[in-house]
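Please walk me through this model in the viewer. Tell me what to select at each stop and what is to be found there.

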Amino acid sequence: MRLANIANLGVKELRSLIRDPMMLVLIVYSFTFAIYSAATAMPETLSRATISIVDEDRSPVSARIAGAFYPPYFLPPAQITQSEMDARMDAGLDTFALDIPPDFQRDLLAGRQPTIQLNVDATRMSQAFTGSGYVQTIVGDEVTAFARRYRTVDTPQVDLVLRARFNPELKPSWFGAIMQLVNQITMLSIVLAGAALIREREHGTIEHLLVMPVTPFEIMTAKVWAMALVVLVASSLCIALVVQGMMGVPIEGSIPLFLVGAAVHVFATTSMGIFLGTVARSMPQFGLLLILVLLPLQMLSGGTTPRESMPELVQVVMMAAPTTHFVSMAQAILYRGAGLSVVWPQMLMLVAIGGALFGFALARFRATVARIG
Amino acid sequence: MIEPVARLREVGLRYGRTVALDSVTLDLPAGCMAGLIGPDGVGKSSLLALVSGARQIQAGSVEVFGGDMASARHRGAVGPRIAYMPQGLGKNLYPTLSVFENIDFFGRLFGHDREERERRIAELVEATGLTPFTDRPAGKLSGGMKQKLSLCCSLIHDPDLLILDEPTTGVDPLSRRQFWELIDRIRAGRPGMSVLVATAYMEEAARFDWLAAMDGGRVLATGTPRALLERTGTSSLEAAFIALLPAEDREGYQPVAIQPFVAEDGDEAAIEARGLTMRFGDFTAVDNVGFRIRRGEIFGFLGSNGCGKTTTMKMLTGLLPASEGQAWLFGQEVDAGDIETRRRVGYMSQAFSLYSELTVRQNLELHARLFSLPAEAIPDRIEEMARRFGLADIMDALPDALPLGQRQRLSLAVAMIHGPEMLILDEPTSGVDPVARDGFWRILIELARRDRVTIFISTHFMNEAERCDRISLMHAGRVLVSDTPGALVERRGAQTLEQAFIGYLEEAVAEAGDAGPAPTTQGITKATPPAHRPHRGFDFRRMFSFSRREAMELRRDPIRATLALLGSVILMLVMGYGITMDVEDLTFAVLDRDQTITSRDYALNIAGSRYFTERPPIRDYDDLDRRMQAGEVTLAIEIPPGFGRDVARGRPVQIAAWIDGAMPSRGQTIRGYVQGMHAHWLARRVAHSSTGTTAAGQLFSIETRFRYNPDVRSLVAMVPAVIPILLMLIPAMLTALSIVREKEMGSIVNLYVTPVTRFEFLLGKQVPYVLLGMVNFLLLVLLAMFVFRVPLTGSFLVLTAGTALYLCAATALGLLASSFLKTQIAAIFGTAVMTIVPATQFSGLIDPVSSLEGMGAVIGHLYPTTYYVTIARGTFSKALQFSDLRSEFLPLLLAAPVLISLSAMLLRKQER
């Protein structure tokens, strides 16, 4: 192994990339616009939820309830009739529909414990759960406050003070920005490494390298460092300009530590890209493999839905995915301000996964080149 | 004088800064065989591409059949009268399709009916001697057969103008001779046909009726071969061409002088091979090849493309492990891991192993470094190579912008940069002009004689083979014979080496019985009735011929279809189970400073729910910080001292709860849970403590009905939404590469020169992928119903109709990416960017589209997945019918036509 070869080949990779303006445009796009739009689009878990009210009571208390729903959590409620309710929910216009029965106020004040019906579109899982809790709390507060003016109600004196740490307002754009960054890092490094390998194979340049005094290990290491550099530069700029600059996300933790983590992650994903490049026989096959690998990597890493809620089997399988460890590490470093003493297990896992993939790819490298020829 | 078939007036063409044609004015005579001669990169191919209409005219005017080729209407009208065979072996063919299917595809494009097609195909394969191979995939044919097939495909529609761009480059001499005989017979059958040929073989050009010699984007001279010879006073066209060159280009030209090889160093072998055999599956590419090459010798391998020359060379370099046999370089057995031997060898592969993204200088520099030349010596060495190989003026150019000949000189310079003792050169001079070729050989001879570099070279040029010290004739993986060129000619009793070679070939072919019956001598004499002229509007037949072809290619690559189908099933299983919105098994811990029954009861209240699992208690704030930072607990509860006492006395007291907000959606959910449990605990205390009075929780009640999914199962919500994602990503990726790949492989030229329109091309390509997508859809629905047990409550028909529209949109999106991106990498990356984020984030999979903000909301409202998610969820969970979903169908109905029109706008019908 010679470091000079690795350095020279890596420079070659960088020069190739610079010559492909379309790729550069795509890279810039995915590290700016894609991240910005995805992060800012992400609503609060309950944001602008659509609610409609069937008010059969038309009383002060029902008016009070209707007035309690307002942005940002809810869109202003639509007043509808009972018959419209089903049609609107079927069409997906409303996620929630409250049905306040006739004589609700009279029964309430008479202590007859009337019942309000809350209809929830349970196919919209993200809003259904939290939303119904919110709706119940809001309605409960309004009704209690209303009732208190007319009769005495015992309320216990225990308060619950809730604070969200690391992201006090639970702003999803903070989280979304970083998770998007993680996704883009993963995608870019796999595509660059894998597709570049296949292209070199299709153009016959890789076999040219193999007859020179260069080992496959050097060729692969060069690809890894060059791509890692591109991805790291793009990520640092993205954090500084887009995430902190344009979006104003406060970052608690150490960005250098995050970049070290990202470098280890990129080692694992470029190795994966090269591995896929040795598995696929042609570019179209690589494209499909990419989708097959990328989708679970992104959706099941814990960046979209919480990991601990996934089925046991999926959790175990996803332990082998580099993104799982990178996502948890990124959250710990950037939001919780964790240091190396906290995130070393993830780092270790990434190194192990990357090393294994690199090893597989190395073992397959020569055989694949021969097969194409 | 008859009207010329094509008239060029001051035609100019440049690629970036490179001038390909420099104000060319030329009349090409009709009804005869007209040839363009000259080295590569002088503009022959560009000129032919302009005449055929494949390339866009930049400057000047080109008239073909009396009309202006700049006009799309005229091109459409005369297109069917022109046949164009681009440069490169079988460039316009589809390698996975059989001989019959390839010709059949072109026949369909030109609108022949079945009977007509079969008759013509039978006639053409008969005439070309391809009859025994009609079922063989085009990719597995030899170079000569590929060219014959390519010719069949060109002739299927009875063209009046046949344009052949270097049809015989890289073809063995026997096949070459057969090819020209075939052309003669065809012309005999269709005397009015004009044939326009570009060639680098001067001996071929001698038989043409009319020639135009070209150099540097200009026409040097025109006339009959005899006239050119007379004018220059030379005896061969090669010499005539050199004489026609401007004086400065001729400078330094001298004939190659061959010095005989004198063995020194005893009898040491530089390369030795014994019984080398290479099998790919049941195909034997190289069969028991052996030879021994002495140091300083120039050893030639002569044979057609695909006869095993390249494979043999790859085995020598260690690139391919031999199936059987052994080889030694410098007495060392070939070993793929042997770095030291590699330093002593220079290898130049047929595929021009240059980095097209690096400049000439950077290419040289990279290789110098990789061979670890001392850093201070590198600039001098590069200068030396540049001088020696005539690269000094183009040091900062990119290889792709250079003509073939210069690129090959660069390749050799790269192979020579480290001063190797041995050169292995795989067809280094194919397509290089005679002057450059001779210059190249002078270098080789100098290297061999002066520096005693051993040279192992493969070629299909006879005059080059004559310059070798010894040659081996190869055919079909076997060495027919090995000796000095002179001895071979003598042994065969032939006049020239070419004749000797053809003699050996005929013998070998007769033995193997492989080439099939000799082509019929009568040829195509029947004047076939002209095909009915294809009409210019949208033609379903042409569209379906593309569909058929795409479908056949898909079928021949079963891995791709399997990946698409199996992959989507796997993804559906993983994601259906994996993406769950039920937030469960959250970790929490308590910092209990009270330690009373009441405080423990409060903690138990939380621990008892299915949402939380309790971790060991927190000791102090430091512990709390550390464990939250590590993500070990997502919820921490602090119960203050005196909590039990205060509650009992009814004094105000506060419980603190910290939520890990790093993942906001989870944080929100936890907040909801904790509030609910707190309220529940309070209500229970009130119920316990106060008897009789009405508790706060019982003022009124809210009855929550979770509709469509009463058990609130994540699966019911997720599975119908995962289907749209998969049906977007996979079909889009399948189509995304279909056009770009043709661009990279060269068969896109069929779009340029056949009457097919852009819409026919795009829609034709789309059809098979939509059908594959429908199969995929059925699989996924079955999976949803029987594995995930998510019932389909609504109309299956409506869902299917929506899917069909949606798949049209998804495949169109892939085509759109494919139509404007140039490389396959960019297409993959671009498609991933265009599909993954919008489909998973902006289309209502997790967050409803109505709640999105900013750009995401805009994209969400435009993206087809949004509407299909509503249709899928509506039909699966909500039992909806068409009338309920009408408004979702409209956007889907519009999506595909809009996307296809955009693709058609971005796709070019001519090369620019």
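The tour goes from whole chains to sheets and ends at a single residue.

**Before starting.** This is a predicted model, in which local features need pLDDT of at least 70 and side-chain atom pairs count only at pLDDT 80 or more, while totals for chains, interfaces and linings use all residues. Residues are numbered from 1 along each chain as its sequence is written, with chains lettered from A and ligands numbered from 1 in the order in which they are written.

**Stop 1: chain A as a whole.** Select chain A and show it as a cartoon. Chain A holds 15 helices and five strands (DSSP runs numbered from the N terminus: H or I over at least four residues for helices, E over at least two for strands). Its radius of gyration is 27 Å, well over the 21 Å that the globule rule gives for 373 residues, so chain A is more spread out than a compact globule. That radius is taken over C-alpha atoms, and the rule is 2.2 Å times the number of residues to the power 0.38. The C-alpha trace of chain A spans about 95 × 45 × 40 Å along its principal axes.

Of the 373 residues of chain A, 58% are buried. A residue is buried if 20 or more other C-beta atoms lie within 10 Å of its own, exposed if 12 or fewer do, and partly exposed in between, with C-beta atoms placed from the backbone. Among contacts in chain A between residues at least 6 apart in sequence, 81% join residues at least 24 apart; a contact means that the C-beta atoms, placed from the backbone, lie within 7 Å.

**Stop 2: the two domains of chain A.** Colour 3-42 + 171-372 as domain 1 and 51-148 as domain 2; such bounds come from an automatic or database domain assignment. The centres of domain 1 and domain 2 of chain A, taken over C-alpha atoms, are 47 Å apart.

**Stop 3: annotated spans in chain A.** An unreviewed UniProt entry annotates residues 22-42, 173-198, 224-243, 255-276, 282-301 and 347-365 of chain A as "transmembrane region". UniProt positions are given in the numbering used here, feature names are shortened, and annotations may be inferred rather than shown by experiment. Select residues 224-243 of chain A: this span is 100% helix and 0% strand, with its end C-alpha atoms 26 Å apart. Then select residues 282-301 of chain A, where the span is 85% helix and 0% strand and the end C-alpha atoms lie 28 Å apart.

**Stop 4: a sheet built from both chains.** Which strands make up this open sheet of five strands, and in what order? The order is β2(A)-β1(A)-β3(A)-β4(A)-β25(B), with mixed pairing; two strands pair if DSSP finds at least two bridges between them. At the edges are β2 (78-80) of chain A and β25 (701-707) of chain B, each pairing on one side only. From one strand to the next the twist averages 25 degrees.

Next, select β1 (51-55) and β3 (96-100) of chain A, which run parallel and are joined by five bridges. Ile53(A) has Leu98(A) as its bridge partner in β3(A). Helix α5 (82-90) of chain A packs on this sheet, touching β1, β2, β3 and β4 (115-121) of chain A together with β25 of chain B, and its direction makes about 160 degrees with that of β1(A). Axes are lines fitted to C-alpha atoms, for helices over the stretch in contact, and angles run from 0 to 180 degrees between N-to-C directions.

**Stop 5: chain B as a whole.** Chain B has 33 helices and 25 strands. Its radius of gyration is 37 Å, whereas a compact globule of 912 residues would have one near 29 Å. The C-alpha trace of chain B spans about 125 × 70 × 50 Å along its principal axes, and 53% of the 912 residues are buried. Colour chain B by domain: 1 (6-249), 2 (269-344 + 420-512), 3 (540-576 + 712-906) and 4 (586-684). Between the centres of domain 2 and domain 3 of chain B, taken over C-alpha atoms, there are 51 Å.

**Stop 6: a six-stranded sheet in chain B.** This open sheet follows the order β16-β17-β18-β13-β19-β20 in chain B, with mixed pairing. β16 (345-348) and β20 (478-483) of chain B stand at the edges with a single partner strand each, so one side of each is left without a neighbour in the sheet. The twist averages 15 degrees from one strand to the next. β16(B) runs parallel to β17 (422-426) of chain B, joined to it by four bridges, and Met348(B) has Leu425(B) as its bridge partner in β17(B). Helix α11 (309-317) of chain B lies across β13 (298-302), β16, β17, β18 (454-459) and β19 (470-475) of chain B, at about 150 degrees to β17(B).

**Stop 7: Pro838(B).** Finally, select Pro838(B) in helix α30 (824-841) of chain B. Is Pro838(B) buried or exposed? Pro838(B) is buried, having 23 other C-beta atoms within 10 Å. Not counting residues up to four places away in sequence, Pro838(B) touches Ser843(B), Ile859(B), Tyr863(B) and Thr865(B). The C-alpha atoms of Pro838(B) and Thr865(B) are separated by 8.3 Å, with the two residues 27 apart along the chain.

Notes
Two residues are in contact if their C-beta atoms, placed from the backbone, lie within 7 Å.
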